[in-house]
Amino acid sequence: MGKLTFDEIKVLSKFRYSEAKRATDSSIDMEELLKPEKLQLFLKNIQPKFNAPLYVAGSMFIKRYAFLAALALYTMTMFDKALKVDIKNLVLITDDEDPLWLPGFYFKSNEVTIAPQERKKWRDEMLTLLFKENITRLLQVVSIEAKISKWILWENVAIYIFWMYETLLNEKQHEDKHEKIKEDFIYCVKEAKGELFGDFNRNPLKKFFGPKTYSDQYDDYIRKRKTCCLFYLTDDEGKKCRTCPNVSECIIKK
């Protein structure tokens with residue numbers, strides 16, 4: 001076991017790592033949100049922040065919770081440390097005055113495990129805790145209670161993993177670690193077995209990892225989503241994300 005250093009915590013704050021536990025109406029022990037009745041109350045509490053139906057609030061919640069994956073995987077790859085991402089160890093910290101509602105993550109125990117020299121087994125254990133024991137369980141409950149496709153929720157998680165790793169690969173200051181970054185990236189989103197994520201025959205992130213294509217509209221290469229996150233339903237002008245597919249392609253449970 002070990003600890004994060006001061007400098008590491010400073011870096012992780014951009015992924016909403018929180019050292020302080022603050023009590024607000026919508027701050028909650030994450031384990032509580034595995035209970036359907038607790039999750040329903042939570043979603044109804046945050047629903048006004050998005051001015052949209054409950055299923056949209058469910059998607060927006062998971063888009064924000066997905067930052068946990070970026071936080072945990074960044075720590076794993078860049079620091080060779082594994083956060084204790086057991087859902088029982090997490091508190092979702094929110095600021096009720098934040099108009100964007102961007103919650104943080106408080107770890108009741110901030111101990112970390114250090115990667116051994118041969119890190120493959122350690123990495124699998126980390127992914128199992130993060131996905132099978134945390135994210136997958138939460139997504140299952142949100143999908144049912146918010147009546148939204150689990151694949152919208154999974155892609156909400158996937159896009160932040162892609163963003164985090166691709167950002168690192170484009171940063172020159174991390175060139176000395178690019179080989180390890182790329183290895184962890186490809187393993188997480190393509191090669192890791194489905195069983196690390198729960199009751200899956202194949203890695204659920206893999207279906208969303210398509211090539212980027214050039215967009216005339218944005219003059220940039222963009223990886224279009226396969227599902228719509230429904231953000232446009234929270235915007236008065238119906239503004240869509242740069243990566244949004246055609247609305248007709250959105251997968252929504254009615």
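These are my notebook entries on a predicted model, arranged by what I looked up.

**Entry 1: the core**

I began with the nonpolar core. The largest one has 83 residues. I asked which residues have the most contacts inside it. They are Phe61, Tyr65, Leu130 and Phe131.

I then took Phe61 and listed its contacts, leaving aside neighbours within four places in sequence. Before it in the chain I noted Met30, Leu33, Leu39, Phe42, Leu43 and Ile46. The list also holds Leu92, Trp101, Leu138 and Val142.

**Entry 2: helix 4 against helix 5**

Next I looked up how helix 4 and helix 5 pack. Helix 4 covers residues 67-79 and helix 5 covers residues 120-146. Their axes are 11 Å apart, and the packing angle is about 170°. I put the pair down as roughly antiparallel, because an angle over 145 degrees counts as such.

Which residues make the contact? From helix 4 I recorded Leu68, Ala69, Ala72, Leu73 and Met76. From helix 5 I recorded Trp122, Arg123, Met126, Leu127, Leu130, Asn134 and Ile135. Sorted by class, this contact has 10 nonpolar residues, one polar and one charged. Leu130 appears here as well as among the core residues with the most contacts.

**Entry 3: Arg123**

I followed Arg123, which is found in helix 5. Is it buried or exposed? Its relative accessibility is 4%, so Arg123 counts as buried, the cut-off being under 20%.

Not counting residues up to four places away in sequence, Arg123 touches Met76, Glu183, Asp184 and Tyr187. Met76 is one of the helix 4 residues in the contact with helix 5. For Asp184 I also looked up the spacing: Arg123 and Asp184 are 61 residues apart in sequence, and their C-alpha atoms are 8.7 Å apart in space.

**Entry 4: cysteines**

I searched the whole structure for disulfides, and the search finds zero. Cys244 is in no disulfide. How far away is the nearest cysteine sulfur? That sulfur belongs to Cys228 and is 3.8 Å away. A disulfide needs the two sulfur atoms within 2.5 Å, so this pair does not qualify.

I checked burial for both residues. Cys228 has 1% relative accessibility and counts as buried. Cys244, at 9%, counts as buried too.

**Entry 5: positive phi**

I looked up residues with positive phi. Most residues other than glycine have a negative phi, so I noted the exceptions below.

Asn51 has phi near 50°. Where does Asn51 sit? It is in the loop between helix 2 (36-50) and helix 3 (54-65). Its relative accessible area is 63%, so Asn51 is exposed.

Leu230 has phi near 80°. Leu230 lies in the segment after strand 8 (220-222). With a relative accessible area of 0%, Leu230 is buried, whereas Asn51 is exposed.

**Entry 6: Trp151**

Trp151 is found in helix 6, residues 150-169. Its relative accessible area is 22%, which puts Trp151 in the partly exposed class.

What does Trp151 contact beyond its neighbours within four places in sequence? I listed Phe200, Pro204, Lys207, Phe208 and Thr227. Pro204 is 53 residues away from Trp151 along the chain, and the C-alpha atoms of the two are separated by 8.6 Å.

**Entry 7: Gln40**

Gln40 is found in helix 2. At 18% relative accessibility Gln40 counts as buried, since the cut-off is under 20%.

Not counting residues up to four places away in sequence, Gln40 touches Leu54 and Glu145. I also looked up its spacing to Ile114, which is 74 residues away along the chain. The C-alpha atoms of Gln40 and Ile114 are separated by 37 Å.

**Entry 8: Thr213**

Last, I looked at Thr213, in strand 7 (residues 213-215). Its relative accessibility is 46%, so Thr213 counts as partly exposed.

Setting aside residues up to four places away in sequence, Thr213 touches Asp220, Tyr221 and Ile222. Strand 8 is residues 220-222. I also took the spacing to Leu130: Thr213 and Leu130 are 83 residues apart in sequence and 30 Å apart in space, C-alpha to C-alpha.

Terms used:
Residues are numbered from 1 along each chain as its sequence is written. This is a predicted model: local features need pLDDT of at least 70, side-chain atom pairs count only at pLDDT 80 or more; totals for chains, interfaces and linings use all residues. Side-chain values use heavy atoms; hydrogens and water are left out. A nonpolar core is a set of buried Ala, Val, Leu, Ile, Met, Phe, Trp, Tyr and Cys residues joined through side-chain atoms within 4.5 Å. Buried means under 20% relative accessible area, exposed over 50%, partly exposed in between (1.4 Å probe, protein chains only). Contact means heavy atoms within 4.5 Å. Axes are lines fitted to C-alpha atoms, for helices over the stretch in contact, and angles run from 0 to 180 degrees between N-to-C directions. Helices (H or I, at least four residues) and strands (E, at least two) are DSSP runs, numbered from the N terminus. Angles under 35 degrees count as roughly parallel, over 145 as roughly antiparallel, 65 to 115 as roughly perpendicular and the rest as oblique. Ala, Val, Leu, Ile, Met, Phe, Trp, Tyr, Cys and Pro count as nonpolar, Asp, Glu, Lys and Arg as charged, and the others, Gly among them, as polar.
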